[in-house]
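Please consider the following structure with attention to its cross-links, its aromatic rings and its nonpolar core.

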Amino acid sequence: LITGDNAPYCFAYTYEPINIKRGLCKMTTNVSCKIDGSNQSCQDFVDEHPECVDFDAAFRWEACNLEDRDMIIKTKTSKIKLGKNSDGITNFENIGNVKDIPEGQCESFEETRSYNTCSYEKVFYGINVQGTNKKGKFWHECQSYSFENLIFNPTPAPTLSHAPSLSFTPSLSLSPSKIPTSNPTPSPTSFPSNYPTHQPSRNQSQNPTLTST
């Protein structure tokens, strides 16, 4: 929803394949994207490879004049374009301009670009041809427009977990603390040593043990 000075209005669009033909002229346009060196479409290749794979895309634009007379093309508006959308901004590159097409002939353009199936870009390629054709005493305006897009499979960013992991295995320290514990165990050990200590106590016992001679 976009709010203007007078009243709010809505604007929406979609990138679907388009093929438009206007006028009485027998003029056609066509666009295609194939994997370079094969007959497989670029979109089918991307859909079949969810993993990240580099590939070369061979684009082809074609305009045909099926009339029995030459077609006078408006070169300023008859263009072949290749565009991409990155970060919400779409930029189109002009590949070439269609010139006058003789009767029964076609004019084609080709371009090869490298992409990755995990690209975050969106690629658009189209051709627009406008021309005139004289039939008898009248000139007829005609237009043909074809548009396609190539949609990749960008990999999602890894999800970070906010829950701490709890370990049930106690860790053993190789460097024990030099400070004694404040709560020592009062009871004797369950497994006393079988050998006397080599460091006797320095304090005299209040109850010495008497031995017989």
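**Aromatic pairs, core and disulfides**

Y115 and F152 are both buried. In this predicted model, the ring centres of Y115 and F152 lie 5.6 Å apart with the planes at 40°, so the pair is tilted. This pair links distant parts of the chain, since Y115 belongs to strand β9 and F152 to the segment after β11, 37 residues apart.

The aromatic pairs come to a count of nine. One of them joins F55 to F152: the centres are 6.3 Å apart and the planes meet at 50°, so this pair is tilted. Here too distant parts of the chain are linked, with F55 in strand β5 and F152 in the segment after β11 (138-151), 97 residues apart. F55 is buried, as is F152. Ring pairs extend the picture to a cluster made up of F45, F55, F59, W61, Y115, Y125 and F152.

Several of these aromatic residues reappear in the nonpolar core. The largest nonpolar core has 28 residues, and the members that touch the most others are F55, F59, W61, V98, Y115, I127 and L150. At least two residues of this core come from each of β4 (27-35), α1, β5, β7 (79-86), β9, β10 and β11. Strand β5 gives the largest share, five residues.

I127 may be taken as an example of a core residue and its surroundings. Leaving aside residues up to four places away in sequence, I127 touches T29, N30 and V31, and also W61, E62 and A63. Its further contacts are K79, I80 and V98, together with S144, Y145 and S146. Among these partners, W61 and V98 are, like I127, core members that touch the most others.

The discussion now turns to the covalent cross-links. A disulfide is a covalent bond between the sulfur atoms of two cysteines. Three disulfides are found in a search of the whole structure.

The link between C33 and C42 has an S to S distance of 2.1 Å. The torsion about its S-S bond is about -80°, so this disulfide is left-handed. C33 is buried at a relative accessible area of 6%, and C42 is buried at 1% relative accessibility.

In the disulfide of C52 and C118, the sulfur atoms are 2.1 Å apart. This link is also left-handed, with -100° about the S-S bond. C52 sits in the loop between α1 (42-47) and β5 (54-65), while C118 sits in the loop between β9 (106-116) and β10 (122-135), so the disulfide ties together parts that are 66 residues apart in sequence. C52 is partly exposed, with 47% relative accessibility, whereas C118 is buried at 8%.

The remaining disulfide joins C64 to C106, with an S to S distance of 2.0 Å. The value of 105° about the S-S bond makes this link right-handed. Because C64 lies in strand β5 and C106 in strand β9, the disulfide ties together parts that are 42 residues apart in sequence. C64 is buried, at 7% relative accessibility, while C106 is partly exposed, at 42%.

Strands β5 and β9 thus recur in the account. F55 of β5 pairs with F152, and Y115 of β9 pairs with F152 as well. The C64 to C106 disulfide ties β5 to β9, and both strands supply at least two residues of the largest nonpolar core.

Key:
Residues numbered from 1 in each chain as written. Predicted model: local features only at pLDDT ≥ 70, side-chain atom pairs only at ≥ 80, totals over all residues. Heavy atoms only, no water. Disulfide = S-S within 2.5 Å. Buried < 20%, exposed > 50% of the residue type's maximum accessible area, 1.4 Å probe, protein only. Helix = DSSP H or I, 4+ residues; strand = E, 2+ residues; numbered from the N terminus. Phe/Tyr/Trp six-rings, centres within 6.5 Å; stacked < 30°, edge-to-face > 60°. Core = buried A, V, L, I, M, F, W, Y, C linked by side-chain atoms within 4.5 Å. Contact = heavy atoms within 4.5 Å.
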